[in-house]
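Open the model in your viewer and show the cysteine side chains as sticks. The tour goes from one cysteine to the next.

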Amino acid sequence: MGSAAVQIVCVSLGVLGMIGVIISCAVPLWKVTSFTGSNIVTAQSSQEGLWTTCVVQSTGQQQCKNYDSLLELPSELQAARALTIISCMFCCLSLLILFCGADFTTCVENEDVKPKMSLVAAVGLLLAGLLVIIPVSWTAHIVVQNFNNPLVAATQKRELGACIYVGWGAGMLLLLSGGLLCCFSRSKSGGSGGTAKYYSNGAASAPNKNYV
């Protein structure tokens with residue numbers, strides 16, 4: 001019962017992490033305009049994501065445009081696209097395996113296979129968490145580096161967007177879920193279901209003699 005409760009918690013954490021990864025992948029809020037120094041014009045602000053860049057007017061009107069060419073994108077943006085998509089795939093597949101092999105479901109009736117499925121799901125969730133933490137940390141490092149660079153114009157400086165923090169939170173939830181599963185998905189010793197039979201020496205050595 002305790003293992004089933006832990007698995008329910010891990011499924012909940014994994015679903016929340018997967019939602020966070022999807023939000024980070026879809027919403028264009030990785031980089032936002034920094035209003036510092038000589039850049040005090042607040043009539044419009046820019047927002048950059050993995051797939052689009054948007055300009056938001058002070059009136060609330062928003063115009064978004066897709067990136068023109070994949071080959072012209074910086075290396076960190078190309079890597080972020082690939083890693084976040086792979087992270088989403090790992091999340092979906094791991095949660096499906098975990099749900100099928102969980103103790104609170106009857107999709108798999110073999111009790112020896114369930115811990116192995118939970119362990120596979122745990123490894124998948126850990127990989128998904130790492131794959132989403134790497135691109136957001138890489139992007140955050142570049143944003144901070146450019147922000148502190150005096151050679152970069154104030155109008156070109158950016159700040160960390162909301163998706164960076166959402167990605168960090170989603171990665172931590174996935175790592176926590178995978179770590180808990182690794183701790184509670186060990187196979188039970190002696191769970192083969194076989195019963196040992198013991199015979200006394202006299203009964204084992206005495207043959208059945210039927211004489212007529």
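A disulfide is counted here when two cysteine sulfur atoms lie within 2.5 Å. Keep in mind that this is a predicted model. By that cut-off the count comes to one disulfide.

**Stop 1: the bonded pair.** Select C54 and C64. Their sulfur atoms sit 2.1 Å apart, and the two residues form a disulfide. Look along the S-S bond. The angle about it is 105°, and the link of C54 and C64 is right-handed. Now colour by secondary structure. C54 lies in strand 3 (residues 52–57) and C64 in strand 4 (residues 62–66). The two cysteines are ten residues apart, and the pair links distant parts of the chain.

**Stop 2: the surface around the pair.** Turn on the molecular surface. Is each partner buried or exposed? C54 has 0% relative accessibility and counts as buried. C64 is partly exposed, its relative accessible area being 46%.

**Stop 3: C88.** Select C88 and C25, then draw a distance between their sulfurs. Why is there no bond for C88? The closest cysteine sulfur, in C25, is 5.2 Å away, so it is too far for a bond. C88 is also buried, at 14% relative accessible area.

**Stop 4: C91.** Move on to C91. This cysteine is in no disulfide. The nearest cysteine sulfur belongs to C88, at 6.4 Å. How accessible is C91, and what does it count as? Its relative accessibility is 0%, so C91 counts as buried.

Conventions:
Residues are numbered from 1 along each chain as its sequence is written. This is a predicted model: local features need pLDDT of at least 70, side-chain atom pairs count only at pLDDT 80 or more; totals for chains, interfaces and linings use all residues. Side-chain values use heavy atoms; hydrogens and water are left out. Helices (H or I, at least four residues) and strands (E, at least two) are DSSP runs, numbered from the N terminus. Buried means under 20% relative accessible area, exposed over 50%, partly exposed in between (1.4 Å probe, protein chains only).
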